[in-house]
Amino acid sequence: MTPSSSIGLAAVVSPQGTVSGIERTPLGPNPLRTINLYLSTFEITAGWTHRVEAEPAPVVAKY
């Protein structure tokens with residue numbers, strides 16, 4: 001690796017979760033309909049970054 005390069009690795013684990021409830025509408029709750037949400041996630045990300053650093057522009061003196 002060089003000073004302008006880097007490697008990154010990340011992992012995310014979200015445990016299983018469940019939520020349920022009555023549907024809410026602008027006119028009020030609707031007890032005849034229920035909403036169930038379920039989530040379980042696992043993600044791995046790997047990456048390589050290279051920063052391009054431009055050379056500073058030369059200073060030209062005009063006399």
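**Figure 1. Cross-strand register of S14 and T41 in the predicted model.** In this predicted model, S14 stands opposite T41 of strand β2. A second facing pair is formed by S20 and N36, the latter in β2. Both pairs belong to the ladder between β1 and β2, which run antiparallel and are joined over 19 bridges. In a regular strand, side chains alternate between the two faces of the sheet.

**Figure 2. The hairpin connection and the surroundings of P29.** Two residues make up the hairpin link that leads from β1 to β2. Strand β1 spans 5–25 and strand β2 spans 28–50. P29 belongs to strand β2. Its relative accessibility is 48%, so P29 counts as partly exposed, the class that lies between the limits of 20% and 50%. Leaving aside residues up to four places away in sequence, P29 touches E23 and R24. S14, by contrast, is 15 residues from P29 along the chain, and the C-alpha atoms of the two are separated by 30 Å.

**Figure 3. The salt bridge between R33 and E23.** How many salt bridges does a search of the whole structure find? The search returns one. In the salt bridge, the side chains of R33 and E23 meet with an N to O distance of 3.2 Å. Because R33 lies in strand β2 and E23 in strand β1, the pair ties together parts that are 10 residues apart in sequence. Side chains of opposite charge can pair when their charged atoms come close. R33 has a relative accessibility of 51% and therefore counts as exposed, the limit for that class being over 50%. E23 also appears in the preceding view, as one of the residues touched by P29.

**Figure 4. A nonpolar surface patch with residues from both strands.** L9, V13, F42 and I44 form a nonpolar patch on the surface. Together, these four residues have about 500 Å² of accessible area. At least two residues of the patch come from β1, and at least two from β2. F42 is found in strand β2. Is F42 buried or exposed? With a relative accessible area of 58%, F42 is exposed.

**Figure 5. The segment before β1 and the contacts of S4.** S4 is found in the segment that precedes β1. The relative accessible area of S4 is 16%, so this residue is classed as buried, the limit being under 20%. When residues up to four places away in sequence are not counted, S4 touches T49, H50, R51 and E53. Buried residues make up 5% of the 63 residues in the chain.

**Figure 6. The chain as the setting of the close-up views.** The secondary structure consists of two strands and zero helices. The radius of gyration is 27 Å, well over the 11 Å that the globule rule gives for 63 residues, so the chain is more spread out than a compact globule. Along the principal axes, the C-alpha atoms fill a box of roughly 85 × 35 × 10 Å. Among contacts with a separation of 6 or more, 62% are between residues 24 or more positions apart. The chain exposes about 6,200 Å², of which carbon and sulfur atoms supply 62%.

How values were computed:
Residues are numbered from 1 along each chain as its sequence is written. This is a predicted model: local features need pLDDT of at least 70, side-chain atom pairs count only at pLDDT 80 or more; totals for chains, interfaces and linings use all residues. Side-chain values use heavy atoms; hydrogens and water are left out. Patches are made of residues with over 30% relative accessible area and no salt bridge: like charges are joined within 9 Å, nonpolar side chains (Val, Leu, Ile, Met, Phe, Trp, Tyr) within 5 Å. Accessible areas come from the Shrake-Rupley method with a 1.4 Å probe; for residues, only the protein chains shown count as cover. Helices (H or I, at least four residues) and strands (E, at least two) are DSSP runs, numbered from the N terminus. Buried means under 20% relative accessible area, exposed over 50%, partly exposed in between (1.4 Å probe, protein chains only). The radius of gyration is taken over C-alpha atoms; the globule rule is 2.2 Å times the number of residues to the power 0.38. Contact means heavy atoms within 4.5 Å. Two strands pair if DSSP finds at least two bridges between them.
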